[in-house]
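Thanks for coming. I'll take one structure today and walk through it piece by piece. Please have a look at it first.

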Amino acid sequence: MNLLKTTFLLTLLTLLLVAMGGAIGGKSGMMIAFLIAGGMNFFAYWNSDKIVLKMYKAREVTRADSPDFYGIVENLARKANLPMPKVYVIPSDSPNAFATGRNPQNAAVAATTGIMRILSREELEGVMAHELTHVMNRDTLIATIAATIAGAISMLGSMLQWAAIFGMGRGDDKEGGGSVLGSLAMAIIAPIAAMLIQMAVSRSREFMADEGGAKMCGNPKALARALVKLQQSASGAPMQEATQATSHMFIVNPLTASKMASLFSTHPATEDRVARLMAM
């Protein structure tokens, strides 16, 4: 169901992009915006792992540096028949973890020192299984596709706003005024709709990673317990180093304390995630 939901949402984004292109006056504006957004996200797709790991001062570790943590990742990767990812530790007391990399052959998983302090071995295993499921499902690629289309829609919205503003002086008739107002409305509403759809895609992938991670580690309850602990910690002490641009990567939203509306959240409600895991 989550796979179908992701496909449906990406289709909606594409249709919204086509509609925006038609509103501006054809395919040329749509293609320009799409190519610009695509170029930006192509760069991010190939370099985001290096950028985000450096941003959070992540340090690569070996089996000798962190035998328990490295061993958990190694065992799960072998169990899932995945190439061994690079393993990183983030020097932060805020408990969290994420996966990055453009494909399973170039993947990395990272966890904070805080998460290792508050989770049991079984719970940490559930968290890393969740992250390796993101790697297996190529969620970085899917997120990049969604971001490319949403970014193009946002650019087209800006173009449409300027076109509507400069078109105001062409006539005072009601039809012209209605056209301008309609264009402005679409220029404002379409980018917001695209962002909401992009957030919904992210939430759908989180549900899939929870399910896949529970199956990979064979212990849905341990992952559920970990999510509850992480959510409580994030609510009480959000990750100071985290940014809105990278918050979607973590297993729980590191900015939860900002109390963003659920529609604009990159993560499903923890209560819903736990309920689905317990039902397994």
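I'll start with helix H5. Twelve of its 16 residues are buried, so H5 is largely enclosed by the rest of the structure. Buried here means under 20% relative accessible area, exposed means over 50%, and partly exposed is in between, with a 1.4 Å probe and protein chains only. Helices are DSSP runs of H or I with at least four residues, strands are runs of E with at least two, and both are numbered from the N terminus.

Before going on, some housekeeping. This is a predicted model, where local features need pLDDT of at least 70 and side-chain atom pairs count only at pLDDT 80 or more, while totals for chains, interfaces and linings use all residues. Residues are numbered from 1 along each chain as its sequence is written, and side-chain values use heavy atoms, with hydrogens and water left out.

Back to H5. The buried residues include Leu124, Val127, Met128 and Leu132, and also charged ones such as Glu123 and Glu131. As for length, 16 residues at 1.5 Å a residue should span 22 Å, and the end C-alpha atoms of H5 are 22 Å apart, which agrees. The expected span is 1.5 Å times one less than the number of residues. After H5 comes Arg138, with a positive phi near 55°.

Now the whole chain. The protein chain has nine helices and four strands, in the order α-α-β-α-β-β-β-α-α-α-α-α-α from the N terminus. Of its 280 residues, 49% are buried. Among contacts with a separation of 6 or more, 70% are between residues 24 or more positions apart; a contact means heavy atoms within 4.5 Å. The exposed surface comes to about 13,800 Å², with carbon and sulfur atoms supplying 63%. Those areas come from the Shrake-Rupley method with a 1.4 Å probe, and for residues only the protein chains shown count as cover.

Next, the inside. In soluble globular proteins, nonpolar side chains tend to be buried together. A nonpolar core is a set of buried Ala, Val, Leu, Ile, Met, Phe, Trp, Tyr and Cys residues joined through side-chain atoms within 4.5 Å. The largest one here has 37 residues, and Phe69, Leu76, Ile115, Val127 and Met128 touch the most other members. Elements giving two or more residues to this core include helix H3 (67-79), strand E2 (86-90), helix H5 (121-136) and helix H8 (220-236). A second, separate core has 21 residues, among them Leu10, Leu17, Ile153 and Ala200.

What does Ile115 touch, leaving out residues up to four places away in sequence? The list is Pro95, Asn96, Ala97, Leu124, Val127 and Leu230. Leu230 is one of the buried residues of H8, along with Leu223, Leu227 and Ala234, among others. The 17 residues of H8 should span 24 Å, and its end C-alpha atoms are 25 Å apart, which agrees.

On to charges. Side chains of opposite charge can pair when their charged atoms come close. The structure holds nine salt bridges, each being a side-chain nitrogen of Lys or Arg within 4 Å of a carboxyl oxygen of Asp or Glu.

Take Glu74 and Arg63, whose closest N and O atoms are 2.4 Å apart. Glu74 sits in helix H3 and Arg63 in the loop between strand E1 (59-61) and H3. Glu74 is buried, at 19% relative accessible area, whereas Arg63 is partly exposed at 43%.

A second pair is Arg273 with Asp210, at 2.7 Å between the closest N and O atoms. Arg273 is in helix H9 and Asp210 in helix H7, so this bridge ties together parts that are 63 residues apart in sequence. Both residues are buried.

Lys215 and Glu211 also meet in a salt bridge, at 3.2 Å from N to O. They are four residues apart in helix H7, which means a separation of about one helical turn. Lys215 is exposed, at 57% relative accessibility, and Glu211 is partly exposed, at 34%. Separately, Glu122, Glu123, Arg225 and Lys229 are joined into one network by salt bridges that share partners.

Last item, also in helix H7: Arg203. Arg203 is buried, with 15% relative accessible area. Its C-alpha is 4.9 Å from that of His267, although the two residues are 64 apart in sequence. That's what I have.
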